[in-house]
Structures are given as structure tokens and as C-alpha cells.
Amino acid sequence: MNNMDKKAKIVLPILAGIALVYVIVAARPLLKEIQFKPEWTIDTEITTIDLNESKDFSNSVHFKLGQDLLYVSPNGEILNKISFPYKATASKNFYTVYGTSSEDFDFFTPDGKKAGKIQGTGFPYFSEDKKYLMLPGGASFVMLNEDGTHKWLFEGATPLTAFSASETGTVAGFADGTVMAFNNEGEITQQYKPGGSTYEVILGAAVSKNSEYVATLSGQDSQRFVISKRLSQSLGSNASIIFYKTMKEELNRQVLIKFSRDEKNVYYSCASGLGVVNLKTLKETIIPISGNILSILESDSGKEIFVLSRQKEKCTVSIVEGFDVLAGSFTFTAGSAAIATSESALFVGRDNKISKISIEHK
């Protein structure tokens, strides 16, 4: 046996072993693709609904489409439909309709039963967690109790330009660039100005579920996105700016900002699409999404973020997974559009149609 044969007997098994180890170590399951599975589509052009029938509203979703407010069951039954001439505000548990100069108006549970009366003049705002009355003049507001009575009042001198609520807090942004966060008793927990812009108006604001973080998009001429963190449980402007970014492109309209329920990420609308910031690493990325972002919703599981955007009559629903993976999207044409989530499914409203779409990974 020559030297070449001897080397081959030694080298080949080693190479084969290395190749085997590489295959075992490098093997990864293939990424599953997201698939949209239509479940049903219903026509909302119905004339009468019998509210005397026993109906289950526990898992219903609600939509505002044109001048109609609808509550729909997961199996495609229209549980209630309320037409309104001017404005309406709704949450999972309550709704009310109002006009240009509303005063002392009733609000209702989804089944149409009166739940209480809001006393005073202004415009109501219902979030999933809270009820408010925005007072005439646009600088003051009242947080309401469950029955519509006044819980606490904030009186300001500068017009409100951004407003949002979470389970434990409320945040308001003002035309002079001031940001104020409140706890559920109306005590101020954060107060500051993001600054840095020629015109310091607050265009969007959000407070996280546990009120630890506040995020804002503010200003014209050097527009910026800012995240603050509450330093302690004491009251006052005890906040620290932990992230800020000066935007290369600017918006001149109100924008949406939303924290994930686990307070790991914050999502915001910007001129380039959807901005995402990881609150632990403070890593930021931009997901390209065209048009004006109308809605940012989190799935029940927290694994997906659904984004509804509009560019003229073209509406797009985009699905974001993980931190910054654009997993899929679909488009449709509509004059009015809205989305909702329930039971790990996506509901899409467009003009006089509502569809339920299951999200599968295969």
C-alpha cells in the first residue's frame, strides 16, 4: 500500500465524520409560511335585528363601517347594528352615539341596554379599558367611572393633539409639545417635552400596559420618535428618555402608536412605514408599509401584529411576526375599512362586508 492510499484511509473517514457533524448541527426546521384561510363573509346590509332574542356577546367583535356600528359574533351573526348620523365611539363592552353639541347622553352595552348617562357637554371617547369625555375647547378632559359619572378632571390651557389609554394609565399630548401621563386616580406620573423640533406639537402618544413606558411622535422640522421610562412609583415628572430618533421623512398628521401587551415592543406609524423598537435592547427597525396606517392590533396569542393601512381606495392588511418579520399581506378596495381580532382569528370589515380569516402556519 503506497503513502497515498494510507492518507486516503485516514483523511476520508475524518472528512465523512466532519460532514456528518455539520449536517446534524446545521440542520434547521424549514420556516413555516403564513396562510390566510377564509372562514366566512357576511353582508351587513340588513334592516332589522331582534334584540329580544338571547344572544352571546362575550366573544363579539365590533366595527365602525361608514355610518354603521356593528357587533358581530365569531360565527358570523350580526348581533347588533346601530346607524348613527354623526359620530360614534365603541369598545367591546360599551357604545354611544353623539352629535356636534352633545350633552347628557346615554351609553349602552352591546345588546342595546342602557348602561349609564354621561353628564356634561363634549365628545366621548371609549377605549377598551376606559371611558372619557373630551370637554369643549379641546384642552380638558374627564375620566369617567363605569356608570358614566365623573371620576377625575384634567383642565388644560393648550389644545390636546394626541390621546391614548391603557389598563393602568392615560397619556395626553398637547399642541405646545408637552406630554403628560396619569394613573387611574388622575395623578401625574410623567410630564416632559420631547423637544428638538421647530414646532413641538405631539402627533401621537401611547402608554404601556403597566404604565412603565410612554412613547410619542412629535414635532415638525426635525420630527422625532421618543420613548420615556418611569424611574420609580413616586409621582411627578420622574421619567427618563431612553430612546429617541430624528426622522428623515416627516408626517404632518396624527399617528398611531401601540405597545405590545408584554411591554417588549412598541410599534409606531411613520413616513417610511411601521417603526418597531425593542424595549429591552432598544434596537429599532422600519417595516416598509405604504399609505396611512389606520389600525395596529395584536393577536390574542401575542405572536402577530396586524396593521391596516390605506392608500386612496387601496387598503392593505399586513402581518408582522416576531420583532420585525413581515410575514404576509393582502389588499382590497374599500371606501371604509376596519379590522378586529378574537379567538386567534382576524376579522376584516370593508364597506358592507365583514370576513373572518384564520391565520395558519404551514
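Over how many bridges do strand β14 and strand β15 pair, and in the parallel or antiparallel sense? The first close-up has the answer, and keep in mind throughout that this is a predicted model.

**View 1. Strands β14 and β15 sit side by side in an open sheet.** Strand β14 (residues 169-174) and strand β15 (residues 179-183) pair in the antiparallel sense, over five bridges. Look for Ala172, which stands opposite Met180 in β15. Zoom out a little and you get the four-strand sheet, ordered β13-β14-β15-β16, with antiparallel pairing. β13 (160-165) and β16 (188-192) are its edge strands, each pairing on one side only. Ignoring direction, neighbouring strands here are turned by 10° against each other on average.

**View 2. The largest nonpolar core gathers around a handful of well-connected residues.** This core has 17 residues, and Phe225, Ile227, Ile257 and Val266 touch the most other members. At least two core residues come from each of β18 (213-220), β19 (224-230), β21 (257-259) and β22 (265-270). Pick Val266 to get your bearings: leaving out residues up to four places away in sequence, its contacts include Ala215, Phe225, Ile257, Phe259 and Leu279. There's also a second, separate core of 15 residues, with Ile34, Leu308, Leu346 and Ile357 among them.

**View 3. Asp68 and Lys81 form a salt bridge.** Their closest N and O atoms are 3.9 Å apart. Asp68 belongs to strand β3 (residues 68-72) and Lys81 to strand β4 (residues 78-83), 13 residues apart. Asp68 has a relative accessible area of 16%, so it counts as buried, the cut-off being under 20%.

**View 4. Asp106, Lys114 and Lys117 are linked in a salt-bridge network.** In the Asp106-Lys117 pair, the closest N and O atoms are 3.0 Å apart. Asp106 is in strand β7 (residues 103-108) and Lys117 in strand β8 (residues 114-121), so this pair ties together parts 11 residues apart in sequence. Both partners count as partly exposed, Asp106 at 24% relative accessibility and Lys117 at 33%. Another salt bridge to look at joins the side chains of Asp111 and Lys113 (3.9 Å, N to O). Here Asp111 is partly exposed at 24%, while Lys113 is exposed at 56%. The whole structure has 10 salt bridges.

**View 5. Confidence varies along the chain.** Mean pLDDT for the chain is 88, with 90% of residues at 70 or more. Strand β11 (residues 141-144) comes out highest at 98, and helix α1 (residues 3-26) lowest, at a mean of 47. Go easy on residues 15-31: pLDDT is below 50 there, and beyond near neighbours in sequence the stretch has one contact in the model.

Terms used
Residues are numbered from 1 along each chain as its sequence is written. This is a predicted model: local features need pLDDT of at least 70, side-chain atom pairs count only at pLDDT 80 or more; totals for chains, interfaces and linings use all residues. Side-chain values use heavy atoms; hydrogens and water are left out. pLDDT is the predictor's confidence in each residue, from 0 to 100. Contact means heavy atoms within 4.5 Å. A nonpolar core is a set of buried Ala, Val, Leu, Ile, Met, Phe, Trp, Tyr and Cys residues joined through side-chain atoms within 4.5 Å. Buried means under 20% relative accessible area, exposed over 50%, partly exposed in between (1.4 Å probe, protein chains only). Two strands pair if DSSP finds at least two bridges between them. Axes are lines fitted to C-alpha atoms, for helices over the stretch in contact, and angles run from 0 to 180 degrees between N-to-C directions. A salt bridge is a side-chain nitrogen of Lys or Arg within 4 Å of a carboxyl oxygen of Asp or Glu.
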